[in-house]
Amino acid sequence: LYFNDFTSENGEHDREGGVELGYVVTDALTFDLGLEHLDRDDGREDGSRTDAALRLTWAPSEDATLYGYVQATIDRDGTLDANDRAGIGGTYALANGWTIEGELSDGDRGTGARLLFRQDRGESETTYFGYELEPDRELDGIDLSGTDQGRFVMGGTRALGPNLTAFGENTYDLYGDYRALTSAYGATYEVSDYLTYSGAIEIAQVEDDVNGDFERTALSFGLSYQDADLSATGRVEYRRDDGTLSGSDRDSETLLLVADLAYEIGDDRRILASVDASTTQGQGAIVESGDLVDIRLGYALRPVDNERLNLLFRYRYLEDTYGQQLASDDDPGALQRSHVLSAEASYDLTTDWTMGGKLGLRLSETAADASSAWVDNDAWLGVVNARWHFVHNWDALVEVRGLTLDNGDTTELGALAAVYRQLGPNVSLGLGYTFGAVSSDLTDIDYDEQGAFLNLVAQF
């Protein structure tokens, strides 16, 4: 089961949901059935469509797999096009470790094709090359001009020693009038059973008639460490774009850093930390300058002699001078610099009832945009909730939220109700509705929470 919902402030929306079912008929024959519904209004298309699909997969031997599928639009209204499609494909194991994979399809959304040759020489070396054409493909930030002619790809990995592995990939993209030739190379070095280093370089030439041609060079370095008590990963990347549009520079430099850490102090205590940061220096209106720093530090406590109690203390610093893009237009959202402190607790009253609460403080400055003045926007948040385990694998949640804005001397109330289904010992899926505009995230300064939601929770 899957569902995705995007709604912008100007009323545009894109909602997609569906269900898929697979059934093994025999050891060689598998049958799959799918049903999907799409409801879209994005300024270009306005309407809804329901599609159904059937796929049969046959594996006559260990070396060969063949499949065929058909899909058809069974209901449609508005300006959405039909999405009928049929295709065939398969894989076949050749000699010397080579495998060929292929698929060909055609339908209302265009022609699709894939042909990939792959060779695996044990765990030490992999080589692949081929061609891909995805029907109705989209690239972020690029409008299709002309006909999408797919992309060619060639690459591989090779073990250079017991601890060192190198990789490389070259792609040539023919997305309408847009052309991009990209070469990426890198290596992974396992220093020990606990520590691994990785590095990569990417070199690209991009032809873009809309936003201007540019050349891109990117370098990255990462590390990963994991033992019985400590898990830490980090990566830093430097990216430079050089280009012009109508005689104006569209050059930019971007530096990115991501890091995560989890440390087990004891059986009942954990420390969690993460950093996500980027800074961009752009020239002109095509590439804006801005910074993003998101630092989180948490301390979790669950006493082993009292498993009813869970405590979580968190500190977060968020600086966002890009401005979050909220709608489908190019207008950025509000900027902010925020310090957030919060404490959360839950307690199992009985095997069926759990009470919880949260208290949070935000000390922040916000601005409507880069040209506006920064103003204080401090706030307090209080949350009280109750969870009822009313039947096997089913829970009900009721929550009340209160937000006090110091700057406006106002208090807003909100609430939510939800029902959760436990899908396993560590995963649950919930469906609910939020009343009011109060979010449990104090860095959310848009106050647009009201509406239905689907929530997937995983713990490990």
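## Exercises on a predicted all-strand model

Let us warm up with one residue: Thr 410 has a relative accessibility of 36% and therefore counts as partly exposed. Please keep in mind throughout that this is a predicted model.

**Exercise 1. Place Thr 410 in the structure and find its contacts beyond its neighbours within four places in sequence.**

Step 1. Start with the secondary structure: Thr 410 belongs to strand β26, which covers residues 410-422.

Step 2. Now set aside the neighbours within four places in sequence; Thr 410 is then in contact with Leu 403, Thr 404 and Leu 405.

Step 3. For a sense of scale, compare it with Met 154. The two residues are separated by 256 residues in sequence, and their C-alpha atoms lie 59 Å apart.

**Exercise 2. Describe the protein as a whole: its strands and helices, its box and its buried share.**

Step 1. Count the elements: there are 28 strands and zero helices.

Step 2. Along the principal axes, the C-alpha atoms fill a box of roughly 65 × 60 × 60 Å.

Step 3. Of the 460 residues, 29% are buried.

Step 4. Look at the contacts with a separation of 6 or more: 41% of them join residues 24 or more positions apart.

**Exercise 3. Which residues form the largest nonpolar core, and which strands supply them?**

Step 1. The largest nonpolar core contains eight residues, namely Val 340, Ala 379, Leu 381, Val 383, Leu 403, Leu 405, Val 438 and Leu 442.

Step 2. Assign them to strands: at least two come from β24 (379-391), and at least two from β25 (394-405). The largest share, three residues, is supplied by β24.

Step 3. Take Val 438 as one member and leave out its neighbours within four places in sequence. Val 438 is in contact with Leu 381, Arg 401, Leu 403, Glu 412, Leu 413, Gly 414 and Glu 449.

Step 4. Finally, there is another core apart from this one; it has five residues, including Tyr 175, Tyr 178, Ala 180 and Phe 214.

**Exercise 4. Work through three salt bridges, and say how exposed their partners are.**

Step 1. Begin with the total: the whole structure holds 26 salt bridges.

Step 2. Asp 81 pairs with Arg 109, with 3.9 Å between the closest N and O atoms. This pair links distant parts of the chain, 28 residues apart: Asp 81 sits in the loop between β5 (64-78) and β6 (85-93), and Arg 109 in the loop between β7 (98-107) and β8 (112-121). With a relative accessible area of 44%, Asp 81 is partly exposed.

Step 3. Glu 237 and Arg 235 form a salt bridge with an N to O distance of 2.7 Å. Here the partners fall into separate classes: Glu 237 has 16% relative accessibility and so counts as buried, whereas Arg 235, at 38%, is partly exposed.

Step 4. Arg 337 and Glu 365 meet at 3.0 Å, N to O. Arg 337 is in strand β21 (residues 335-348) and Glu 365 in strand β22 (residues 353-367), so their salt bridge ties together parts 28 residues apart in sequence. Arg 337 is partly exposed at 27%, and Glu 365 is partly exposed at 30%.

Step 5. Round off with a network: Asp 294, Arg 296, Arg 316 and Asp 441 are joined by salt bridges that share partners.

**Exercise 5. Which residues line the largest cavity, and how do they divide by type?**

Step 1. A search of the whole structure turns up one cavity of 30 Å³ or more. The largest cavity holds about 30 Å³ of space.

Step 2. Its lining consists of Glu 132, Leu 133, Glu 134, Arg 137, Gly 150 and Arg 151. β9 (125-133) and β10 (148-159) each contribute at least two residues to that lining.

Step 3. Sort the lining by type, and you get four charged, one polar and one nonpolar residue.

**Exercise 6. Asn 96 and Asn 393 have positive phi values. Are these residues buried or exposed?**

Step 1. Check the angles: phi is near 60° for Asn 96 and about 70° for Asn 393.

Step 2. Locate the residues. Asn 96 is in the loop between β6 and β7, and Asn 393 is in the loop between β24 and β25.

Step 3. Apply the cut-offs: buried means under 20% relative accessible area, and exposed means over 50%. Asn 96 has 66%, so this residue is exposed. Asn 393 has 18%, so this residue counts as buried.

Methods:
Residues are numbered from 1 along each chain as its sequence is written. This is a predicted model: local features need pLDDT of at least 70, side-chain atom pairs count only at pLDDT 80 or more; totals for chains, interfaces and linings use all residues. Side-chain values use heavy atoms; hydrogens and water are left out. A salt bridge is a side-chain nitrogen of Lys or Arg within 4 Å of a carboxyl oxygen of Asp or Glu. Helices (H or I, at least four residues) and strands (E, at least two) are DSSP runs, numbered from the N terminus. Buried means under 20% relative accessible area, exposed over 50%, partly exposed in between (1.4 Å probe, protein chains only). A nonpolar core is a set of buried Ala, Val, Leu, Ile, Met, Phe, Trp, Tyr and Cys residues joined through side-chain atoms within 4.5 Å. Contact means heavy atoms within 4.5 Å. On a 1 Å grid over the protein atoms alone, a cavity is a set of points where a 1.4 Å probe fits but cannot get out, and a pocket is an open set with protein on both sides within 12 Å along at least five of seven lines; lining residues have an atom within 4 Å of a point. Grid points are joined across faces, edges and corners, and a volume is the space filled by probe spheres set on the points. Ala, Val, Leu, Ile, Met, Phe, Trp, Tyr, Cys and Pro count as nonpolar, Asp, Glu, Lys and Arg as charged, and the others, Gly among them, as polar.
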